[in-house]
Amino acid sequence: MKNSIMGTSLLVLLVFATLTYCLDARLQGCQPSGKIKGIKPPPGQCNPENDSDCCKQGKMYTTYTCSPPVTGNTKAVLTLNSFQKGGDGGGPSECDNQYHSDDTPVVALSTGWYSGGDRCLNYITISANGRSVKAKVVDECDSTMGCDDEHDYQPPCPNNIVDASKAVWKALGIPEDNWGDYDITWSDA
């Protein structure tokens with residue numbers, strides 16, 4: 001009996017240690033890579049369309065070179081972006097050097113998920129609100145840089161962002177008063 005209790009205790013301890021190690025290793029897989037100091041945008045240089053943030057003078061912003069692991073059901077935050085000329089997305093999309101209509105389902109992915117352009121012009125499936133939509137990856141939501149002209153004086157993206165056109169939000173049936181930040185899952189299509 002004593003050996004049985006000791007064996008069970010050892011097994012529980014081993015399982016706990018393994019889970020702790022795996023969880024710790026996963027967290028270590030995507031830690032912040034640094035910080036950048038915000039600067040005040042020149043007048044008229046940060047487009048606050050779609051509730052986009054503008055950098056604040058002296059505020060420290062976390063940067064990432066990674067994103068959480070991609071699974072068949074990757075958790076993320078859906079944000080709203082305009083990929084049209086003059087929209088809050090800034091310049092043309094990184095993947096094709098083009099602007100895209102707000103009526104086209106397109107997205108930018110956080111730096112780690114963008115993977116140096118490996119997902120460019122491929123489709124991902126986004127699920128939320130009991131619906132799914134396929135959207136084309138056309139840009140990077142830069143998690144490594146920000147608060148400069150190239151990034152429209154916006155802070156770096158967090159490492160878990162799917163930055164989507166209005167067409168994606170509409171296809172998911174999310175009421176407009178909930179547009180901005182919305183918990184979703186996504187996968188490669």
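Strand β5 (residues 123-128) and strand β8 pair in the antiparallel sense over four bridges. Here a strand is a DSSP run of E with at least two residues, numbered from the N terminus, and two strands count as paired if DSSP finds at least two bridges between them. Within this pair, I124 stands opposite D188 of β8.

The model is a predicted one, in which local features need pLDDT of at least 70 and side-chain atom pairs count only at pLDDT 80 or more, while totals for chains, interfaces and linings use all residues. Residues are numbered from 1 along each chain as its sequence is written, and side-chain values use heavy atoms, with hydrogens and water left out.

From β8 (residues 181-188) one may pass to β3, since these strands are also joined: their pairing is antiparallel and extends over six bridges. K75 faces T185 of β8 in this arrangement. Strand β3 (residues 74-80) pairs in addition with β7 (residues 161-164), here in the parallel sense and over four bridges. L80 is found opposite A164 in β7.

These pairings belong to a closed barrel of six strands, which runs β3-β7-β4-β6-β5-β8 with mixed pairing. From one strand to the next, the twist averages 45°, where axes are lines fitted to C-alpha atoms and angles run from 0 to 180 degrees between N-to-C directions.

Another pair is formed by β1 (residues 34-37) and β2, which are antiparallel over four bridges. M60 in β2 is the bridge partner of K37. Along β2 (residues 60-63) the side chains alternate: Y61 and T63 point to one face and are buried, whereas M60 and T62 point to the other and are not. Buried means under 20% relative accessible area, with a 1.4 Å probe and protein chains only.

Terms used: Buried means under 20% relative accessible area, exposed over 50%, partly exposed in between (1.4 Å probe, protein chains only).
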